[in-house]
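Open the model in your viewer and keep the selection tool handy. We'll go stop by stop, and each stop tells you what to pick next.

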Amino acid sequence: MTAARLTRILAELEKLHGRVKASKPASPWLLILRRNCGYPASDKACAKGFAALRKEVGTTATAIAKAPQAKLARAARAGGMMPELRADRLRDIAALTLRDYGGDLRALLSRPLAEARKLLKQFPTIGDPGADMILLFTHTAPIAALPSNALQVPLRLGLGTESKAYSTSYRSAQAALAAALPETFDARIRAYTLLKEHGQEIFKPARPLCERCPVTASCAYYQTLSRLRTEQQAPCRSRSQAGSVQRADRSSSPTSSAGPGLAKK
Ligand code: SF4
């Protein structure tokens, strides 16, 4: 994808989702903690779980390490499913942070980049996408990070190629994003934030809200379905023109509703 095309896509997404302000470096501890406060890990679920944790237990490593399991699980319940498992994870995160980093994960980020990435991946739920996100949002390295649970958004918009293996798809989309964006924290945080927002608000897994999407012209999925819909309708039209009885077919066709047959997805 060219830089100009990506610029246009991000500008359209920003019109829909709002301007992304330049951010200050975030705390690696809070990013890891927050990510483990909700499941499924949407922003809303994580924010609810994090708010409950702050109120019920506190958000320091010491407070979490000392908290009784039942109290942690009660707080985790506000963030969605599997509260007991997430309570265990919060405790593990706190124990590791206290044992290896004296309660302050900023020391971890001062290591060479490959080592910092490896160390971040010791924490629960942090894989390559999570580590990239932390390295970017803490202003450690301007990595072209992509939201792990919204990878379909960049792929369908033409950033990278989808493969069977998630990690291959992720790397492909990441390389395409890196090639088309300036290597700055602001540019890459803005792209990450807009793609994530689009994934959460419009690109619903069960049924993407394409009728509200401003970038349909760049979406391979939308364009393919539109083409298929046109091809499916063509024989109907010709039969209708020939005087065949087609009314019943047309009224029951799933592609006769608004949008490119999206109810099928
Ligand atoms: S057109 Fe639909 S599938 Fe494509 S990016 Fe927009 S919401 Fe997602």
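Here is a short tour, from the whole chain down to single residues.

**Stop 1: the whole chain**

Start with everything shown as a cartoon, and keep in mind that this is a predicted model. You should find 14 helices and 0 strands. Read along the sequence, the pattern is just α after α, right to the end. Of the 265 residues, 33% count as buried. Now think about contacts between residues at least 6 apart in sequence: 60% of them join residues at least 24 apart.

**Stop 2: colour by confidence**

Switch the colouring to pLDDT. The protein averages 87, and 88% of the residues score at least 70. Then select residues 242-265, where the pLDDT is below 50. Beyond near neighbours in sequence, that stretch still has 33 contacts in the model. Don't lean on the fine print there: where pLDDT is low, predicted coordinates should not be read in detail.

**Stop 3: helix 2**

Select residues 28-35, which make up helix 2. How many of its 8 residues are buried? The count is 6, so helix 2 is largely enclosed by the rest of the structure. Show the side chains of Pro 28, Trp 29, Ile 32, Leu 33, Arg 34 and Arg 35, because these are the buried ones that the count of 6 refers to. Which helices do they pack against? Add helix 3 (43-56), helix 6 (83-101), helix 7 (106-109) and helix 9 (128-137) to your view, and you have the partners.

**Stop 4: helix 3 meets helix 5**

Keep helix 3 and add helix 5, residues 69-77. Their axes are 7 Å apart, and the two pack at an angle of about 145°. The crossing is right-handed. On the helix 3 side, pick Gly 49, Ala 52, Leu 53 and Glu 56; on the helix 5 side, pick Lys 71, Arg 74, Ala 75 and Ala 76. By class, this contact has 4 nonpolar, 1 polar and 3 charged residues. As you look at the spacing, here's a handy rule: an α-helix has 3.6 residues a turn, so residues three or four places apart point the same way.

**Stop 5: helix 5 meets helix 6**

Hide helix 3 and bring in helix 6. The axes of helix 5 and helix 6 come within 8 Å and cross at roughly 115°. This crossing is right-handed. From helix 5, the contact uses Gln 69, Leu 72, Ala 73, Ala 76 and Arg 77. From helix 6, the residues are Pro 83, Glu 84, Arg 86, Ala 87, Leu 90 and Arg 91. Sorted by class, the contact of helix 5 with helix 6 has 6 nonpolar, 1 polar and 4 charged residues.

**Stop 6: around the ligand**

Now centre on the ligand. Of the 14 residues around the ligand, which come nearest? Select Pro 208, Cys 210, Cys 213, Cys 219 and Tyr 222 to see them. The shell divides into 12 nonpolar, 1 polar and 1 charged. Helix 10 (152-156) and helix 13 (220-241) each supply at least two of its residues.

**Stop 7: Arg 156**

For the last stop, pick Arg 156, which sits in helix 10. Is Arg 156 buried or partly exposed? Partly exposed, because Arg 156 has 19 C-beta neighbours inside 10 Å. Draw a line from its C-alpha to that of Cys 219: the two are 63 residues apart in sequence, yet 5.3 Å apart in space. Leaving aside neighbours within four places in sequence, Arg 156 is in contact with Cys 219, Ala 220 and Tyr 221.

Definitions and conventions
Residues are numbered from 1 along each chain as its sequence is written. This is a predicted model: local features need pLDDT of at least 70, side-chain atom pairs count only at pLDDT 80 or more; totals for chains, interfaces and linings use all residues. A residue is near a molecule or strand if its C-beta atom, placed from the backbone, lies within 6 Å of it. Helices (H or I, at least four residues) and strands (E, at least two) are DSSP runs, numbered from the N terminus. Ala, Val, Leu, Ile, Met, Phe, Trp, Tyr, Cys and Pro count as nonpolar, Asp, Glu, Lys and Arg as charged, and the others, Gly among them, as polar. A residue is buried if 20 or more other C-beta atoms lie within 10 Å of its own, exposed if 12 or fewer, and partly exposed in between; C-beta atoms are placed from the backbone. Two residues are in contact if their C-beta atoms, placed from the backbone, lie within 7 Å. Axes are lines fitted to C-alpha atoms, for helices over the stretch in contact, and angles run from 0 to 180 degrees between N-to-C directions. A crossing is left-handed if the near helix is turned anticlockwise from the far one by less than a right angle, and right-handed if clockwise. pLDDT is the predictor's confidence in each residue, from 0 to 100.
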